[in-house]
Amino acid sequence: MPKAAKGRSGKAEKKRSKKDPNAPKRGLSAYMFFANEQRENVREENPGVSFGQVGKILGERWKALSDKQRAPYEAKAAADKKRYEDEKQAYNADGDDDASS
DNA sequence: CAGCTGATTGTTGGC
DNA sequence: GCCAACAATCAGCTG
């Protein structure tokens, strides 16, 4: 696996700040859709487990799926991205319906 | 021209 | 309302 280390270097640091005025929130991620469905299943097989467990289990199950199984989730993610494209568009449009400002 | 980075998305669960 | 691991993302900016 090529490709130099990607974004998250490897630390569990979170931080997100604003930077754009309209900030076109990106589309969701395949994991988001997958979690939406598995969260029920995972929690059912792991009753009483706090997010810490479910969260990790969810991740394991996620990768446990076959590329094809994630396909539907990826598909949703792609569809969601589309939605984001729209926001991005408005972001570009600068919300100026009238060229004359 | 190419590569990186940051920002974001949603789950649960308690205070 | 926020925070945390878990995973994907991928669009935009910069040198």
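I take a polar contact to be a pair of N or O atoms within 3.5 Å, where within protein one must be able to donate a hydrogen and the other to accept it, and residues adjacent in sequence count only if both atoms are side-chain atoms.

I am working from a predicted model, in which local features need pLDDT of at least 70 and side-chain atom pairs count only at pLDDT 80 or more, while totals for chains, interfaces and linings use all residues. Residues are numbered from 1 along each chain as its sequence is written, chains are lettered from A and ligands numbered from 1 in the order in which they are written, and side-chain values use heavy atoms, with hydrogens and water left out.

I looked up polar contacts to the DNA first. In the side chain of Ser29, an N or O atom is 2.8 Å from a sugar or linking oxygen of DNA strand C. For Trp62, I found a polar side-chain atom 3.1 Å from a sugar or linking oxygen of DNA strand C, whereas a polar side-chain atom of Tyr31 lies 3.3 Å from a base oxygen of that strand.

I then looked up the wider surroundings, counting a residue as near if one of its heavy atoms lies within 4 Å of the strand. DNA strand C is surrounded by 15 residues, and Ser29, Tyr31, Phe51, Lys81 and Lys88 are the closest. Of the atoms of DNA strand C that come within 4 Å of the protein, 63% belong to sugar and phosphate.

I last asked which helix gives the largest share of the surface near DNA strand C. This is α2, with six residues, where helices are DSSP runs (H or I, at least four residues) numbered from the N terminus.

How values were computed:
Helices (H or I, at least four residues) and strands (E, at least two) are DSSP runs, numbered from the N terminus.
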